[in-house]
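Biologist: I'd like to learn how to read a model like this one. Could you walk me through it?

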Amino acid sequence: MFLAVGFVLAGAGILVWLLLPGELPEPLPLLVVFAAVGVYFDWTAVEINDHLVISTSLLVQLTAAVVFADSQPVVAVVIIAALSPFQPIDFKLRRWFEPAFNFGQLVISAAAAISLFAYLAPHAAVDAQNLPRFVLAATAASALQGALNFTFVQFIFRTVFGARQVRPWSNMLSIMLPYLGTGLLAALLGGAYHMIEDLGPLTLPLIFVVFFVSQMTFVSYARLREAQDSTLRGFVKALEAKDLYTRGHTERVAYFSELIGTRMGFNGTRLEKLRWAALIHDVGKLAVPRDLIRKRARLSGNEYEQMQTHVHLVEDLLAEVDFLQPMVDIAAHHHAHFDGKGYHGGHEHEGTPSLEARILAVADSFDAMTSTRSYRVALSQDYAFSELRQHAGTQFDPEVVEALIEIIESRGERYGSPDVDSEEEARRRAEGVRLDG
Amino acid sequence: MAERKVHHLSLALFLGCLGFGSWMAATSRLELPPILFGAAVVAITHLVTVPAPSGEHLYLGIGAATAVAFLVDDPAALLGTLSLGMALTYLILIARRTRSMSVRSQYLGEVTALMAFASTVVVLRQPSGYSSDQHGLVLAIVATAGIVWFAVRAMARSLVGLEREDLSARFLWLLALEDWAVIVSLFTAGALFGLAWEHMRWWAIPLALLPYAFSHLAFVRYNNTRVTYGQTIRALAQIPEVAGLATPGHSERTASVAVSIARDIGMHPDEVSELEYAALMHDIGRITLNEPAILRAGYTDEDLARWGAQIISEAPFLEKVGELVREQHRPYRSIGEERDETVPLASKIIKVASAYDQALHDQMLSPVDALELLHLGSTYDYDPDITASLRRVVGARGDLEMLS
């Protein structure tokens, strides 16, 4: 709260201080065009789960810096940056913290980065001779902006959400690379604007068209991915809804896996892969006749085999989807033990399962213990933790177990019944209330 | 078009390009090395493709051709560079032993369209004379030529493609229009390079290539996801089949027939992909049948359609598809009355395609008898227009000749 106010005040202060002298960048209509394009790109921006994608609005800002290089670049870019965080969706949802924080954050980092830019390329004419200098200046400004953004977001995550995101600094290069590319490109685009004589402003539509098209394609790409995600998620939900006891199981296992993965420093694609694996880890059961799944007594050998056949058939089916194949492997191995001695489908596993499969195993067991089954009520969280710890080193990976316990405790979440501390107690209580679907 | 005809035509075009290109190069004011260099770039970019939203792969060549149109003032040099480039492309195709029909018939389309492009540039530039600093004018001329290129290419493709099984001309046109984004970014990259070269020299290369690389990446990703999304739906749709609750292969075959009918009718490509998903999943409701209580209580076709729609509609993006599945059991009209306009066209197609496949594979009828059966149901169940389209589709697939 105070933090947001602080950010807004700092941002507003910089804005006022820059605008007070009353010297606006020339030509003004061009600035309006840049601001409109920047705002448009920010409104339509999508989050894509890796670092390959440069932020198009940052590109617009840096290009503006080069275009206005001989006339108040800092003021120009700060105006563009100040407009972008206010999005209609925030007003609709009455969110104010995020836009306020973003406003302050973007104004501060834009002001700092473009000041660096102006320092490195002071009032020079953009021509063939000076172009390398502009490339250097824009790249440096882009890197600074990237670093500032990253730091601010980390800071706010730590202080507001209390989450400690483990991001090794070795990732810095892969985070920085797109920023360097953005800087180079911005210098070239701004250079083209200045250097292609008699075309001047006409270069701008050419420049923006490419980004408009890419942005549009990335938006439809992101929508399609979301569609794919929600399709699978929806199907799993709809199908498992038929069974009262496993309802929500998949969603929760996906959630726990994601928590553990984040805690262990997974990011981007790897985290996504883990979530997908969790989402499909039980799809095989959908093809198994209900009465077999619900059976309370032990399954006969024949029945067990029948169940396994169905599970494997569905696994094979999903493995045909190219990109699901690694996820199916993870899901298929999550019954394997950490020490390599578990059994799954009658086959003994050789060696240790992958880290992803180990995470899925812990998440799956934790949810199984802390949710109600047909023959027992949910066990308490403390019991589940001690049970996981007891089997750490044999069935479970100790590191994964500790990661789960740490993250759940640090978030203060509680699962399971408050006071059921043994299997016997859980079974005894279930005698009283039976939930039959 | 017959294979032999395509073969001969592409050979003739190659010889034409080679002859015309050499003549033009010889008469041009430009030296030979830059012309050959340009031709090599045009040829090389014709070997690289980008996956477009329609599912088709587009050659990057038009981007290079656009750059050439900006850089070369002399009409003979422009025509010479592009012709020699296309001749070189043919030689590379031969050297790589590309015998496939589709590549050769694509070559026909590419050469025709590129020649139309070059001629438009030359004709439009003629009256205004040549002055290299009128960039705005050149930009407008090349943009017009680009539109001509697009139209000629789409036309050439629909001519070559028309005789291919079941694609209607309308469908092919709509499909070509889906790719405007890719074409625009190729043109823009070429134009940026062509305009910037004079002033920025080597910096023009990253200037043109970086933004294009960005959109190329976007197109590739979009395409990959489109493919895997289709695969995911296919896999999910088969769960009832592997669970032993539906006839194996039925959904896949129904979808294939339904898509052919939709293309024959000339539905919009977006609607066709919705229809394909709906047809693949039209029996997904059967997964509910592994609940013994439901089997005991009994169920109707309407129940199955409703359950299926419920499952599909859990995914917000498939709401429309769920709707199509929900309506699939409905008759197209009440007896003696006009068509019921509230039944979606796609649902009626699924009903016909599914019944046709059941007649073939459950009742073991021949295609002719299966069609006969569908015609019998035309008072109430099966829309006669769709059955007529099915007859064309089945005819085009050669199922009918096989038996007669």
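Modeller: Sure. Let's begin with a cut-off: a residue is called buried when its relative accessible area is under 20%, and exposed when that is over 50%. Keep in mind that this is a predicted model.

Biologist: Okay, try it on Thr89(B). Is Thr89(B) buried or exposed?

Modeller: Thr89(B) has a relative accessible area of 3%, so Thr89(B) is buried. You'll find Thr89(B) in helix α4 (residues 75–95) of chain B. Leaving aside residues up to four places away in sequence, Thr89(B) touches Ala43(B), His46(B) and Tyr107(B).

Biologist: And for whole chains, what share of the residues is buried?

Modeller: In chain A, buried residues make up 52% of the 437 residues. In chain B they make up 54% of the 404 residues. As for secondary structure, chain A has 18 helices and two strands, while chain B has 19 helices and two strands.

Biologist: How do I check a helix by its length?

Modeller: Count on 1.5 Å a residue, and take one less than the number of residues. Helix α2 (residues 28–43) of chain A has 16 residues and should span 22 Å; the end C-alpha atoms are 23 Å apart, which agrees. Buried residues of α2(A) include Leu30(A), Leu31(A), Phe34(A) and Asp42(A).

Biologist: Now the interface. How do people put a size on one?

Modeller: The usual figure is the accessible area lost when the parts come together. Here, chain B and chain A bury about 5400 Å² between them, and carbon and sulfur atoms give 79% of that. Trp203(B), Phe214(B) and Arg221(B) supply 13% of the area that chain B buries against chain A, more than any other three residues. In terms of contacts, 56 residues of chain B meet 69 residues of chain A.

Biologist: How many salt bridges and polar contacts are there between the two chains?

Modeller: The salt bridge count between chain B and chain A is zero. For polar contacts, the rule finds four residue pairs across the interface, both residues at pLDDT 80 or more. On the side of chain B that touches chain A, the largest share, 21 residues, comes from α9(B). That side divides into 37 nonpolar, 14 polar and five charged residues.

Biologist: Which residues of chain A does Ala315(B) touch?

Modeller: Ala315(B) touches Ser230(A), Thr231(A) and Gly234(A). Ala315(B) sits in the loop between α14 (301–313) and α15 (319–326) of chain B. With a relative accessible area of 0%, Ala315(B) is buried.

Biologist: Let's go back to salt bridges. What's the general idea?

Modeller: Side chains of opposite charge can pair when their charged atoms come close. Over all chains, the structure holds 27 salt bridges. One of them joins Asp357(B) and Arg253(B), at 2.7 Å from N to O. Asp357(B) lies in helix α16 (residues 345–361) and Arg253(B) in helix α11 (residues 250–265), so the pair ties together parts that are 104 residues apart in sequence. Asp357(B) is buried at 4% relative accessibility, whereas Arg253(B) is partly exposed at 27%.

Biologist: What about a pair inside a single helix?

Modeller: An α-helix has 3.6 residues a turn, so residues three or four places apart point the same way. Asp303(B) and Arg306(B) both lie in α14 of chain B, three residues apart, about one turn of the helix. Their side chains form a salt bridge of 3.2 Å, N to O. Asp303(B) counts as buried at 17%, and Arg306(B) is partly exposed at 33%.

Note on methods:
Residues numbered from 1 in each chain as written. Chains lettered and ligands numbered in written order. Predicted model: local features only at pLDDT ≥ 70, side-chain atom pairs only at ≥ 80, totals over all residues. Heavy atoms only, no water. Helix = DSSP H or I, 4+ residues; strand = E, 2+ residues; numbered from the N terminus. Buried < 20%, exposed > 50% of the residue type's maximum accessible area, 1.4 Å probe, protein only. Contact = heavy atoms within 4.5 Å. Buried area = accessible area lost by both parts, 1.4 Å probe. Salt bridge = Lys/Arg side-chain N within 4 Å of Asp/Glu carboxyl O. Polar contact = N/O pair within 3.5 Å; in protein donor to acceptor, adjacent residues only side chain to side chain. Nonpolar A, V, L, I, M, F, W, Y, C, P; charged D, E, K, R; others polar.
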